[in-house]
Amino acid sequence: MTPSPATAAVRVRRAELSDLDDLVALEQATFDSDRVSRAQFRRHLDSDSALVLVASANHRRFLGTALVFFRKGSRVARLYSIASLPEARGKGVGTALIEAAEAAARQRRCHALRLEVRSDNDTAVRLYERLGYHRFGPLVKGFYEDGSDAYRYEKILA
Ligand SMILES: CC(C)(COP(=O)(O)OP(=O)(O)OC[C@H]1O[C@@H](n2cnc3c(N)ncnc32)[C@H](O)[C@@H]1OP(=O)(O)O)[C@@H](O)C(=O)NCCC(=O)NCCS
């Protein structure tokens, strides 16, 4: 896949055990609820049904992460979570992570990638829509642990 100019310098790799501290720190700094715990990240690193991605660039080993879930027998993958370091935002890290999640889903023969997003998360919604995600279904009331609502988005993968 040819990266878009904005993402050309960003590399995405599979997370390793040595990323755990960064993963947990970013998760805690970013999300107030529905956090992925250290133990969960550790399990996901070893799981066939999960993929933890890490973005890096130049000398920065850890700029952001995305967590993708796969289900046996399902050709729909789920982008469960995505976050980039606050100081790295607006530079294509999120885009690169989503593109890598899509590539991984395609490689596993998934025909769609789905996700949920807080209905008031305008930044994320704009990013998903720019990358070709379409809202489907009704607003999911009280989807998150703190009671916030979610929109569901889907992209059909070529
Ligand atoms: C949502 C989130 C992951 C986006 O990450 P990001 O690294 O800022 O993503 P990008 O840089 O690829 O895209 C963000 C914007 O920067 C712009 N951008 C991309 N590359 C750029 C570059 N090189 N220079 C300047 N701007 C750029 C994009 O056009 C995009 O703008 P748009 O959404 O208005 O189209 C990040 O804001 C975040 O971690 N938020 C908190 C967690 C969260 O809300 N996660 C989503 C719900 S789980």
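**Notebook: sheet and helix pair**

I began with strand 3 (residues 60–69) and strand 4 (residues 76–84), which run antiparallel and are joined by 6 bridges. The model I am reading is predicted. For the register of this pair I looked up Gly64, and found that Gly64 stands opposite Ser84 in strand 4. As background, I noted that strands of a sheet pair through backbone hydrogen bonds, either parallel or antiparallel.

Next I looked up the sheet as a whole. I found an open sheet of 7 strands with mixed pairing, in the order 1-2-3-4-5-7-6. Which strands are the edge strands? I have strand 1 (10–14) and strand 6 (134–140), each of which pairs on one side only. For the twist, I read that neighbouring strands of this sheet are turned against each other by 30 degrees on average, direction ignored.

I then turned to the helices. The axes of helix 1 (residues 20–30) and helix 2 (residues 38–45) come within 10 Å and cross at roughly 130 degrees. Why do I call helix 1 oblique to helix 2? The crossing angle is roughly 130 degrees, and angles of 65 to 115 degrees count as roughly perpendicular while those over 145 count as roughly antiparallel, so helix 1 is oblique to helix 2. I logged the crossing of helix 1 and helix 2 as right-handed.

Last, I listed the residues that make this contact. Helix 1 contributes Leu20, Leu23 and Val24, and helix 2 contributes Arg38, Phe41 and Arg42. By class, I entered the residues of the contact of helix 1 with helix 2 as 4 nonpolar, 2 charged and no polar.

Terms used. Residues are numbered from 1 along each chain as its sequence is written. This is a predicted model: local features need pLDDT of at least 70, side-chain atom pairs count only at pLDDT 80 or more; totals for chains, interfaces and linings use all residues. Two strands pair if DSSP finds at least two bridges between them. Helices (H or I, at least four residues) and strands (E, at least two) are DSSP runs, numbered from the N terminus. Axes are lines fitted to C-alpha atoms, for helices over the stretch in contact, and angles run from 0 to 180 degrees between N-to-C directions. Angles under 35 degrees count as roughly parallel, over 145 as roughly antiparallel, 65 to 115 as roughly perpendicular and the rest as oblique. A crossing is left-handed if the near helix is turned anticlockwise from the far one by less than a right angle, and right-handed if clockwise. Two residues are in contact if their C-beta atoms, placed from the backbone, lie within 7 Å. Ala, Val, Leu, Ile, Met, Phe, Trp, Tyr, Cys and Pro count as nonpolar, Asp, Glu, Lys and Arg as charged, and the others, Gly among them, as polar.
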